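Q: Could you take a close look at the nonpolar core of this protein for me? I'd like to see how it sits within the rest of the fold.

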Amino acid sequence: MSRTTMRAPNTDWTDPECPVARTLDLVGDRWSLLVIRDAMDGARSFTEFQRRTGIARNILTDRLRKLTAHGLLVQRAAPSGRRQEYVLTDAGRDLFPVILTLRQWGERHAFAPGETHSILVDQHGTPVPEITPTSADGTLLDTDTTHVQKTR
């Protein structure tokens with residue numbers, strides 16, 4: 001789903017002019033991001049999402065409905081034709097760098113030194129390099145080198 005076709009799902013935005021706040025209104029709860037994470041890792045069925053996350057059925061039903069309504073997942077017939085499955089849309093796949101950044105932050109800050117955790121690897125088994133935002137000229141960006149500018 002492209003930017004031009006995404007419906008405004010909520011008229012009660014937390015902060016209507018802030019893209020971060022709007023994004024959090026759409027996917028900012030723990031369970032939504034875990035469903036997106038698992039969809040990126042190949043989960044498709046309600047049962048599989050529930051097994052992977054441990055989420056209660058009623059909460060999972062709500063999150064799948066919300067993510068589908070907001071255009072991040074689409075529901076379609078499974079290859080067997082007997083069940084429905086959930087598949088990421090382009091908008092859902094666009095959350096990959098967000099999930100990756102959260103993962104990398106967690107690897108640095110949410111585990112004790114030497115504590116076992118999963119890592120993300122590419123198709124060759126090589127750990128995915130850290131995401132580092134850079135400017136057009138290659139300069140590293142951080143909170144000291146950026147600021148918010150309103151558009152209008």
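A: Helices here are DSSP runs of H or I with at least four residues, and strands are E runs of at least two, numbered from the N terminus. Counted that way, this predicted model holds 6 helices and 2 strands. Followed along the sequence, these elements come in the order α-α-α-α-β-β-α-α. The C-alpha trace spans about 50 × 45 × 25 Å along its principal axes. Of the 152 residues in the protein, 25% are buried, and among contacts with a separation of 6 or more, 40% join residues 24 or more positions apart.

Now to the part you asked about. In soluble globular proteins, nonpolar side chains tend to be buried together. Here the largest nonpolar core has 22 residues, and Phe49, Leu64 and Leu73 are the ones that touch the most other members. Two or more residues apiece come from helix H1 (19-27), helix H2 (30-40), helix H3 (46-53), helix H4 (57-69) and strand S2 (84-88). H2 is the biggest contributor, giving 5 residues.

Leu64 is a good place to zoom in. Setting aside residues up to four places away in sequence, Leu64 touches Val35, Phe46, Phe49, Leu73 and Tyr86. Two of these partners, Phe49 and Leu73, are themselves among the residues that touch the most other core members.

Right beside Leu64 in the numbering is Arg63, which also lies in helix H4. Arg63 counts as buried because its relative accessibility is 16%, below the 20% cut-off for that class. Beyond its neighbours within four places in sequence, Arg63 is in contact with Asp29, Trp31 and Ser32.

Ser32 gives us a handy link to another arginine. Arg83 is 51 residues from Ser32 in sequence, and their C-alpha atoms are 22 Å apart. Arg83 lies in the loop between strand S1 (73-77) and S2. With 57% relative accessibility, Arg83 counts as exposed, since that class begins over 50%. Its contacts, not counting residues up to four places away in sequence, are Thr47, Arg76, Ala77 and Ala78. So the two arginines fall in opposite classes: Arg63 is buried at 16%, whereas Arg83 is exposed at 57%.

H2 turns up again when we move from the core to the second largest pocket, which has a volume of about 230 Å³. The residues lining this pocket are Arg37, Asp38, Met40, Asp41, Phe96, Ile99, Leu100, Arg103, Ile119 and Leu120. H2 and helix H6 (96-109) are the elements that give two or more residues to the lining, and H6 supplies the largest share, with 4 residues. By class, the lining holds 6 nonpolar and 4 charged residues, with no polar ones.

Past H6, Gln123 sits in the segment that follows that helix. Gln123 is exposed, with a relative accessible area of 70%. Its C-alpha atom is 19 Å from that of Thr101, 22 residues away along the chain.

Finally, here is how the record frames this region. An unreviewed UniProt entry lists residues 18-114 as "domain: HTH hxlR-type". Over residues 18-114, the chain is 61% helix and 10% strand, and the end C-alpha atoms are 38 Å apart.

Methods: Residues numbered from 1 in each chain as written. Predicted model: local features only at pLDDT ≥ 70, side-chain atom pairs only at ≥ 80, totals over all residues. Heavy atoms only, no water. Core = buried A, V, L, I, M, F, W, Y, C linked by side-chain atoms within 4.5 Å. Buried < 20%, exposed > 50% of the residue type's maximum accessible area, 1.4 Å probe, protein only. Contact = heavy atoms within 4.5 Å. 1 Å grid on protein atoms, 1.4 Å probe; cavity = no way out; pocket = protein on both sides within 12 Å on 5 of 7 lines; lining within 4 Å. Points joined across faces, edges and corners; volume = space filled by probe spheres on them. Nonpolar A, V, L, I, M, F, W, Y, C, P; charged D, E, K, R; others polar. UniProt positions renumbered as here; feature names shortened; annotations may be inferred.
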